[in-house]
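Work through these exercises with the sequence and the model open side by side. Try each task before reading its solution.

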Amino acid sequence: THKMCLSTILKYSPKALQRIKNLIKGRDAFIVSGMPHKDDLAVADDLGVPVLSPEPDAAHLAGIDIPPSESDIYSLDQLCESLAQLVTENLNVQRWLFKLNDEFDGRGIAFCDLPKYLHCYKWALKEEQRYGDNSICQNPAEIPDILQNYAQPVNSKMFPTWDQFLQAFLSQGGVIEACPPSENITTLTADLLIEPSGAVNLLTCGDQIHADSQFSCWGLSFPQSSIEPSALNVTCQRIADVCKSNGIVGYLKIDFVTFIHPKTMVQQLWALDLSLHYSDHLAMFRLMEYVTHGTFHPKTHVFEVTLPTKENKSSRRRLTEQSTPSKTRYAVMSTRLMHSNLAVIHYSVFFQMCRAHGIGYDIKDKSGTAFTLIDSFNRERLGMLTIGEDLQGALATFVRNLFIIHQEISTPNMQGVTNFQAAIADIEHILGTTVENAEADQDVQTTQ
């Protein structure tokens, strides 16, 4: 009945540990942990194998805050004074975020559009434009009342009110962080591996898809297309170098946000979060590699596959495949599909339904759909990967699959609890944007 991580369960399971010892006997083996935990080290000692991760203590020191921010906030006075200073120095920022230190995936975030309610804000803007000096509006006195009345926790189930969120924020510490000063922002994720030798490898990168909340990543479109590959690669290398200098090795996931700055009209890239573990996105990418036998090129952010060619009728049939030049593939992936009606559907029935509607994977064309069955005891959750020759095709296939599955497992009186509709809405918005971009590129080429 206790919720324990895998390493803790193994630590108290001598039979399981002995079986693992027998399986790895005479082989080179190492442990890839989730979030580094002290029991990972205990299990590693018992098995006599190394762990590909930093020391647990080092993992909690690897914080990177590139947006205007202030960390280690533990008192209300400190919160108000720091927030007043940040607002004063960044008058173009309209929304400020409050993040708990020990939460993840958007669960411990609240936000407030503070400048909208500050009495001195419009005056401060005029003074800044007139004198170029914005040091005259540092007045934290009205901030507590504004936060009390207008600050909103993102996850209302965990924190129904601002008071409850503030109590958690001040007890465990948190960060104040600027939300990008733009209406059009894109969040992206990169997964890296720092080898014990010091070599840094970019394993995968994709644009985030949001369904439940704009602060919670529901899935990815792969590879990323929000920023020039060289710009992302340089930033990832710099972060990896800092991690290496702090003794960090193993897998890490970095979340970024990119937007066009309203003043400079230059594209900005902010690093938002650093997680030291093997991510779900990387696991789905490995599935994509497995089913396509494709290759990701980290320098150009292109994923290519090799397709078999059709042999001439006059030629002999060969056992080995002849191949044509590599072809590009795109994917949409998520491990967070949730539909309560899936819990009453047997997997055999589910896959029969998929076959009946043409939901499947084409081995020759190396495109289509693959599923991951998350947990036989938690059957309402599912993972899905769609692969296509272009991003629009992969997005459209994902939306079509969600629509068909929902229709087949639901009735008018039993719609179920699901995140399908929110995901469909976000993907359709992305799909519309990609179509507009493609049409704009075509118009530019025609003009040239």
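The exercises below go from the whole chain to single residues and then to a cavity.

This is a predicted model, in which local features need pLDDT of at least 70, side-chain atom pairs count only at pLDDT 80 or more, and totals for chains, interfaces and linings use all residues. Residues are numbered from 1 along each chain as its sequence is written, and side-chain values use heavy atoms, with hydrogens and water left out.

**Exercise 1. Confidence and overall make-up**

Task: find which elements have the lowest and the highest mean pLDDT, and describe the chain as a whole.

Solution.
- Step 1. Start with the score: pLDDT is the predictor's confidence in each residue, from 0 to 100. The chain averages 82, and 84% of the residues score at least 70.
- Step 2. Count the elements. There are 13 helices and 17 strands. These are DSSP runs numbered from the N terminus (helices: H or I, at least four residues; strands: E, at least two).
- Step 3. Rank them. Helix 4 (residues 56–59) has the lowest mean pLDDT, 52, and strand 11 (residues 295–297) the highest, 94.
- Step 4. Look at residues 59–65. Their pLDDT stays under 50. The model has 12 contacts for them beyond four places in sequence; a contact means heavy atoms within 4.5 Å. Where pLDDT is low, predicted coordinates should not be read in detail.
- Step 5. Check burial and contact range. Of the 448 residues, 44% count as buried (buried is under 20% relative accessible area, exposed over 50%, partly exposed in between; 1.4 Å probe, protein chains only). Among contacts between residues at least 6 apart in sequence, 65% join residues at least 24 apart.

**Exercise 2. Three helix residues**

Task: place T235, F285 and V399 in their helices, and list what each touches beyond four places in sequence.

Solution.
- Step 1. T235 sits in helix 9 (residues 229–245). Its relative accessible area is 17%, so T235 is buried. A polar atom of its side chain lies 3.1 Å from the backbone oxygen of A231. Beyond four places in sequence, T235 contacts F256 and L269.
- Step 2. F285 belongs to helix 10 (residues 280–292). With a relative accessible area of 1%, F285 is buried. Outside its four-place neighbourhood, F285 touches L203, T204, F222, F296, F303 and M333. C205 is 80 residues away along the chain, yet the C-alpha atoms of F285 and C205 are 9.4 Å apart.
- Step 3. V399 is part of helix 12 (residues 391–409). V399 counts as buried because its relative accessibility is 12%. Its contacts beyond four places are I424, I427 and E428. V399 and D426 are 27 residues apart in sequence and 9.8 Å apart from C-alpha to C-alpha.

**Exercise 3. Backbone geometry in loops**

Task: locate a cis peptide bond, then say whether H293 is buried or exposed and whether K366 is buried or exposed.

Solution.
- Step 1. The bond from F222 to P223 is cis, with omega near -10°. P223 lies in the loop between strand 8 (219–222) and helix 9. F222 is also one of the residues touched by F285.
- Step 2. H293 has phi near 55°, a positive value in a non-glycine residue. The loop between helix 10 and strand 11 holds H293. H293 is exposed, because its relative accessibility is 62%.
- Step 3. K366 also is not a glycine, and its phi is positive, about 55°. K366 falls in the loop between strand 15 (361–362) and strand 16. Its relative accessible area is 10%, so K366 is buried.

**Exercise 4. The start of a strand**

Task: describe the surroundings of S367.

Solution.
- Step 1. S367 is in strand 16 (residues 367–373). At 13% relative accessible area, S367 is buried.
- Step 2. Its side chain makes a polar contact with the side chain of D365, at 2.6 Å. Such a contact is a pair of N or O atoms within 3.5 Å; within protein, one must be able to donate a hydrogen and the other to accept it, and residues adjacent in sequence count only if both atoms are side-chain atoms.
- Step 3. Beyond four places in sequence, S367 contacts R329, G360, Y361, D362, I387 and G388.

**Exercise 5. A cavity**

Task: what lines the second largest cavity?

Solution.
- Step 1. Fix the term: on a 1 Å grid over the protein atoms alone, a cavity is a set of points where a 1.4 Å probe fits but cannot get out, and lining residues have an atom within 4 Å of a point. Grid points are joined across faces, edges and corners, and a volume is the space filled by probe spheres set on the points.
- Step 2. The whole structure has 3 cavities of 30 Å³ or more. The second largest has a volume of about 40 Å³.
- Step 3. Its lining is L342, I345, Y347, F350, R379 and L382.
- Step 4. Sort the lining: 5 nonpolar, no polar and 1 charged. Here Ala, Val, Leu, Ile, Met, Phe, Trp, Tyr, Cys and Pro count as nonpolar, Asp, Glu, Lys and Arg as charged, and the others, Gly among them, as polar.

Notes. 1 Å grid on protein atoms, 1.4 Å probe; cavity = no way out; pocket = protein on both sides within 12 Å on 5 of 7 lines; lining within 4 Å.
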